[in-house]
Amino acid sequence: MSLTHRLALIADLPAIVAIYNSTVASREVTADTYPITVESRFAWFAEHDPARRPLWVVDDARGHVIGWLSYSNFYGRPAYSGTAELSIYIDESARGKGLGRYLLTEAIAFAPRIAVHTLLGFIFGHNVASLALFDRFGFARWAEMPGVATLDGIERDLIILGKRVG
């Protein structure tokens with residue numbers, strides 16, 4: 001599969017939300033317990049300034065969004081402006097085909113161009129696939145927060161992975 005990404009457009013928001021919502025039921029990827037709405041994500045979309053915190057999408061050969069990556073502010077204070085949290089979400093039809101590797105490779109390479117020297121991933125401790133992906137790229141466990149999330153009555157750990165890139 002030949003992969004390229006582009007900046008997300010507001011017209012992509014329904015597809016972005018659909019991919020996100022496809023992960024809710026698994027209880028492995030997001031702390032949301034119910035699907036979200038497109039309307040609830042307008043402000044989030046607007047926060048992704050292409051010059052500082054881009055939101056990328058990957059299209060398949062037919063032009064359908066099959067995955068996305070976002071850079072998000074960490075903690076929202078000026079002293080942390082060189083640190084960004086990465087989020088990667090992939091459509092069920094495209095999982096396990098190298099899209100996560102592609103997006104993470106591109107995100108690491110691009111980070112210095114938006115003045116980001118530190119990348120973070122916030123991943124549930126039971127999300128083995130995502131932990132392995134970030135580990136493959138040299139992210140280290142910087143924090144483990146035991147039992148901070150409760151999903152369907154089960155306490156889940158949050159692992160914060162970090163990597164210096166600049």
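**Notebook: empty space in the model**

I began with the largest cavity and noted that helix 1 gives the most to its lining, with 4 residues. The model I am reading is a predicted one.

Entry on the cavity. I looked up how many cavities of 30 Å³ or more a search of the whole structure finds, and the count is 1. I recorded a volume of about 30 Å³ for the largest cavity. I then listed the residues that line this cavity: Leu 13, Ile 16, Val 17, Tyr 20, Ile 36, Arg 41, Trp 44 and Trp 68. Sorted by class, this lining holds 7 nonpolar residues, 1 charged residue and no polar ones.

Entry on the method. I reminded myself that rolling a probe the size of a water molecule over the atoms shows where empty space is left.

Entry on the pocket. I turned next to the largest pocket, in which about 1000 Å³ of space lies. I found 40 residues lining this pocket, and those closest to its centre are Val 29, Ile 88, Tyr 89, Asn 127 and Ser 130.

Entry on the elements around the pocket. Which element supplies the largest share of the lining of the largest pocket? I found that strand 4 does, with 6 residues. I also noted the elements that each supply at least two residues of this lining: helix 1 (13–24), helix 3 (99–110) and helix 4 (128–136), together with strand 3 (65–73), strand 4 (83–90) and strand 5 (118–124).

Entry on residue classes. For the lining of the largest pocket, I entered 19 nonpolar, 13 polar and 8 charged residues.

Conventions
Residues are numbered from 1 along each chain as its sequence is written. This is a predicted model: local features need pLDDT of at least 70, side-chain atom pairs count only at pLDDT 80 or more; totals for chains, interfaces and linings use all residues. Side-chain values use heavy atoms; hydrogens and water are left out. On a 1 Å grid over the protein atoms alone, a cavity is a set of points where a 1.4 Å probe fits but cannot get out, and a pocket is an open set with protein on both sides within 12 Å along at least five of seven lines; lining residues have an atom within 4 Å of a point. Grid points are joined across faces, edges and corners, and a volume is the space filled by probe spheres set on the points. Ala, Val, Leu, Ile, Met, Phe, Trp, Tyr, Cys and Pro count as nonpolar, Asp, Glu, Lys and Arg as charged, and the others, Gly among them, as polar.
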